[in-house]
Each structure stands twice: as C-alpha cells, then as structure tokens.
Amino acid sequence: MKRTTLLATAALGLGMAFGGAASAQGMDKVKACFVYVGPIGDLGWTYQHHQGALEVVETYGDKVEIAFQENVPEGADAERVLTQMALSGCNIIFTTSFGYMDPTNTVAAKFPDIKFEHSTGYKREHPNVSTYNARFYEGRAIQGHIAGKMTKTNKIGYIGSFPIPEVVMGINSYYLHAKKVNPDVQLSVVWAFTWFDPAKEADAAKALIDQGVDVIAAHTDSTAPLAEAAKTNGAVIGFGQASDMADFKPSPRVSSIIDNWAPYYVKRVGQLLDGTYEQVDSWAGIPEGEVEIGEITDAVPAEVKAEAEAMRDAIEAGTYHPFTGPINKQDGSVWLADGDVASDGDLLGMTFFIEGITGDIPQ
Amino acid sequence: MFGGIDPALLIAALMVASVPIILAAIGELIVERAGVLNLGVEGMMIMGAVCGFIMAVQTGSAVMGFVGGALGGAALSLIFALLTQVLLANQVASGLALTLFGLGLSSLIGQNFVGIRPPATGAVPLGPLADIPFFGRVLFSHDWVVYFSIAVVAVTWWVLKATRMGLILRAVGESHDAAHALGYKVRKIRVLAIMFGGAMAGMGGAYVSLVRVPQWTDGITAGAGWIALAIVVFASWRPWRALVGAYLFGGITVLQLNLQAAGARIPVEYLSMSPYLITILVLVIMSSGKGKAALNAPASLGQNFHASR
C-alpha cells in the first residue's frame, strides 16, 4: 500500500513536472509589473512608460493585470521593491531606469520563473533577464541639426543626467550633427546628477542661458528646462524629451523625441501569453517606431524643417546612420574611419566625447 | 566676468534660487524658537506648492497662489499641532509622518493639474532703478517674493529681538514651565508658531511651483525642506544667519552649474558636492568660537508641554 502511494506520488510529481513545462508554452493571465524612477506625472520619461503599460491593458483586456510603483530610488532600495513585486505574483517585471540594472539581475537570480525586463541596461546575467532600449541618439541627431541651424550665439547646451553611455551617446550625436551644419558651434554640458528634480533642472537651464546658450537639449525627465526657456520670450529654444511636451509648442519646444514603449510592451506580454517568449536584447529606434520625432513647429524655418525631416526619413529607411565616419575621439585619435558606421557594441559602451567637445566626462 | 561668468547674473540667480529655502527656514526658525521641532517642512512645502498652484490656476492670479500656498502649508501644519500640542505625540515622529503624508496628499490633489501653466509672476517694475549697471540687475529686477523673503527675515529679526511678542515666544521656547507659571498660554503660542511655520513653508513651496519651475509635478520640492531644516540649525536660530546660509547654499548651487556651463576644468563630482560641503564648512566655522551655536538652541526644543501644575 505504502509503495503504491509512493509510486503514485512519484507519478504525480512527474506529471506535474511535464505539466509545468507544458504550461510554460502559454499563460491564461499575465500580471505585468512596472518599476518607475519618477512620478507618472513627470510628463516625460516615466509618463511614457506608463502610457506603454496602459496600452498593454488596452490590448489584452482581462488577460492582463498591471501593477506599478513610482519614485523607486535607484540602487539597493529597488531590490526591496522588486522582491516585493516578485512575491506578489508578478509574471513579468519591467524595470525602467538604468540604475536598476544590478538590482534587477540580483532579484532575477532568486526568481527564475519570473521574467525580468530591464530598460537601457546591458547586463543579462540570468536566462530570465532581457534588456530593451531605444535608439535615442537617432533623435538627437535631428535635434543637433536643428540646433546647429537655429543658434544665433553659436552656443548650444545639453543638460546631462548621469555620465552613462546612453547619455554620452546622445550628447555626441547632438554635437556631431550641430557641428556638421555650423562649424562654429560650441557645446556646454551641465551634469545634473539626477533624473528628476525640476528645481535643479530649471537651475541648470538657467545657468546655460546665463552663459549665452540659446538652444537647450535635456536628458532629464521633467519639463522644467523648457519652462525655464519659455521665460526668455522666444530667445531660447529647446526640445521635448522622452515625451512630446506639446504644452510648450510652438516655442520654446520646437521638436521632440517621443519614446514609444507601447509596441514593445504589448509584444512582450503577448509573447508571454502565447508561449513564444524568449530572452532578448532589444534595441529599436526610428525605423521600428520606438523613437518618434515630435512635430517640428513653425518656429523652425521651413528649409531647416525639411532637412531635419529628410534626415529622419533617411534613418527610418536605414540609409543613414547618425554615427558614420570619419569621427575622431576627443583626444584626436580616430574612432571611425571614413564611411564606417559605429557598431552597437561601441555605442553601448561609449564613455568618451567626440572631437570638438570640451570638458571631461565625470568618471 | 570671472571665467566667463557674469557676477551680476550669478548674484541675481542665487537670490531667486534661495527664496524657497529662506521662507521655509524662517518659518521653521520661529517654530523652533517656540520650542517645537517640526521635521515636516518638506511636507508642508509641497502642500504649499500644490495648493498655491491650484489656487493660482483657478483664480488666474499669482498673488492669490501664494496666499493659497500659505493656507495649504498652515492647514497641514495644524495636523502636526493637533498631534503634538493636544495629543502630546512625539514631535520627531509626527514631523516625519507629516512629510510622508504631505508628499502623498499633494500627489493626489495635484492629479488634474499636471501639465498646466500657472499665471506668471513678473518682475516688480522699478523703472530707472533697474537700468543701473550691475546693481540694477542684482537688486532691482526681481519679482516681489524675493523682496518679500528679505523683508520677512528683517521683520522676524526685529520681532524676536525688540518686541514683547518675541520675548514671550522665546520664553516659551527656553522654559515652557516658567512661561506657563507667568501665565502665558504655552500651547496657544506654540500652535500659532507652528501655523506661521506652515504658512512660510507653504509660500516657499508655492514659489517653486509658481516661479522657479512654473508647473506642477509630483515631488517638485525635491528635498528643499530638509535643506531649510539644516540651515536653521547651522544658523544657530538667528534670522540673518539663516539668510546668509540660504544664500550661501543657493549661491554655490547656482555657481557650480554656471562653472559647468562655462566649461571650468574642475571635476564635476567636486562641483556637485560643493554646495553641501561648503555650506557645512562655512557655517561650522561661523558658529564655532564666540557664537557658540550649541548654547543657542532653545532649551525646551522638542519637548512636549503638559500643564500639570
């Protein structure tokens, strides 16, 4: 009798093991969770991620449930939040800021059955960790072109958040394309060391304006730099960052980079539902619609607008790569020879400024 | 011009950048002089920021916005007053709770006001004064709140130093038992001081959402309240020192950004930490020696009062 029970239990266990494997082919209901670095109301970075999350619900209706937490500090505290989410039944967790890279991988090791998706990072230490990013530098190229054409003082500015490759890449692309159309252009970079601190972002923009800068690009998450530019009555222009920031049309916001995460989120949750989910390293840009260029307003002369749109179309068609040689590094050494295009590996590890930018990247 | 930085623009910018901290610090200074430690400055500031913003948008008047900010901050401080003066709860815990509560509540109230632009607060037209070289830019081209913040410091100093009201307030803060024995209403005076502190913090918050970053987003004050708290201690509870401390902190914050923008060859890490570092250093030096900051702390600070006799 006892032996029979044992056998039955073993058989049941075996059956469950196979059954478990079978259910991995698809799920009836997915709980997707999102970790945000700022508030949804930032109208920038986090807002766009949340729009993507809402799109997932829109698409799959009852088959998905979402949960999210705002204002999660980068670093150790994120681990606590991630663990909590994992324990609360999330099937897939999207961590939407660079600083969550290590916490994501640490927690992923403890929950092998839960999928983790880290935005803008490069570490995939476990099979259940995927990374996804957008090619913001494609949008920066178009902004740089507009900046080079529009500046009257020949001084353009960039508010950087943290000195990480994603930001450095954007600065290089912005400067490269401004320089191409305006050889006299000078770039001032201010590091804010924050993703979201409206008062500090406004101060940084003001410092740039006081220095004579009249075109400001920002790689932080709020609309504060545009609000500061708006006080100058049209003397200073800027760009929407992460979100369209249409409230500041037609000036100071003359164009924008819109992060459209919705297609990616919808795709990944869909794959989890139908069982085709696999680990990926996704890096989509203008061609895939993940990076969108917001309307270029009438504050920009028609010919500049046409050139900028032509560049956008060329990137979309795949005929132009923003980092096409010859490009030298800041110290004058050759990075890309004539006609070479940058490899993705080079871009993702970019920790140097290109020739012509003054100042050092904080280490 | 020093290294490409125009000192007139720099001083003008630091005066504007310091306003929220000064207002909040002066409010807290009065609260602490009355013997109450309210760590909820950040919460009251952000409530002021959201209430001021909503009021300004609804009425179309920036001045009404500041009134709304003061009311919002004072209203939140009443919760603190109820907890600590009536229910005799621990002041440190209540203050921290007030900050967390204020951050959450402001986020809830502000939901429908994200992405709206408030009415502008322009510079006070001072006519020909604004055209004076250097001084015109530094002193005579600000909005009214900048002048108001300096006036508040002056009035606070005068009230504390030279009036009966200030004497009573200080007596309550130094020894609430003695003040009570003399017949002063300790609890009432403290509640009024807490409300003043709330109103000032609220106005400081409103300055952030209406002038410095003219918009509403969650968490917009981003820690300014904590800086204000630190400045009160380092200013050894003296109004003019609080002004100096706030200008110093605001000044170096603005300076480091300007140095970065001007391309100074100083590592950015040092520039970024410099506001905190230099403020601490200078104020430590200022409050050592004859000043003796530690002896300046109100003797009853942080102690609850219960009229048992």
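Begin by selecting Asp203(A) and Arg212(B), whose side chains meet in a salt bridge with an N to O distance of 2.6 Å. Bear in mind throughout the tour that this is a predicted model. Across the interface of chain A and chain B, one salt bridge is found by the rule, and the count of residue pairs in polar contact between these chains, both partners at pLDDT 80 or more, is eight.

Widen the selection next to the side of chain A that touches chain B. The elements of chain A that each give two or more residues to this side are β7 (186-191), α7 (198-210) and α8 (224-230), and α7(A) gives the most, with 10 residues. Coloured by residue class, this side of chain A divides into 18 nonpolar, seven polar and 11 charged residues.

Now show both chains together. In contact across the interface are 36 residues of chain A and 29 residues of chain B. Between them, chain A and chain B bury about 2,600 Å², with 54% of that area on carbon and sulfur atoms. Which three residues supply more than any other three of the area that chain A buries against chain B? Select Asp203(A), Asp210(A) and Gln211(A), which together supply 20% of it.

Hide chain B and turn to the strands of chain A, starting with the sheet that includes β7(A). This is an open sheet of six strands in the order β7-β6-β8-β9-β10-β12, with mixed pairing. At its edges stand β7(A) and β12(A) (291-294), each with a single partner strand, so one side of each is left without a neighbour in the sheet. From one strand to the next, the twist averages 20 degrees.

Within this sheet, select β6(A) (residues 155-160) along with β7(A): the two strands run parallel and are joined by six bridges. To see one position of this pairing, pick Gly160(A), which stands opposite Trp191(A) in β7(A). Add helix α6(A) (residues 165-181), which packs on the sheet and touches β6, β7, β8 (215-218) and β9 (237-240) of chain A, with its direction making about 170 degrees with that of β6(A). Then bring back α7(A), the helix already met at the interface, which also packs on this sheet, touching β6, β7 and β8 of chain A, its direction making about 160 degrees with that of β6(A).

Move on to the other sheet described here, an open one of six strands in chain A with parallel pairing and the order β2-β1-β3-β4-β5-β11. Its edges are held by β2(A) (64-69) and β11(A) (281-284), and each has a single partner strand, so one side of each is left without a neighbour in the sheet. Here the twist averages 15 degrees from one strand to the next.

Select β1(A) (residues 30-35) and β2(A), which run parallel and are joined by six bridges, and in that pair find Ala32(A), which stands opposite Ile66(A) in β2(A). Next display helix α4(A) (residues 101-110), which packs on the sheet in touch with β3 (92-95), β4 (115-119) and β5 (129-134) of chain A, its direction making about 170 degrees with that of β4(A).

For the last stop, pick out Arg268(A) and Glu117(A), whose side chains meet in a salt bridge at 2.7 Å, N to O. Because Arg268(A) lies in helix α9(A) (residues 262-274) and Glu117(A) in strand β4(A), the pair ties together parts that are 151 residues apart in sequence. Over all chains, the structure holds 12 salt bridges.

Terms used:
Residues numbered from 1 in each chain as written. Chains lettered and ligands numbered in written order. Predicted model: local features only at pLDDT ≥ 70, side-chain atom pairs only at ≥ 80, totals over all residues. Heavy atoms only, no water. Contact = heavy atoms within 4.5 Å. Buried area = accessible area lost by both parts, 1.4 Å probe. Salt bridge = Lys/Arg side-chain N within 4 Å of Asp/Glu carboxyl O. Polar contact = N/O pair within 3.5 Å; in protein donor to acceptor, adjacent residues only side chain to side chain. Helix = DSSP H or I, 4+ residues; strand = E, 2+ residues; numbered from the N terminus. Nonpolar A, V, L, I, M, F, W, Y, C, P; charged D, E, K, R; others polar. Pairing = 2+ DSSP bridges. Axes fitted to C-alpha atoms, helices over the stretch in contact; angles between N-to-C directions.
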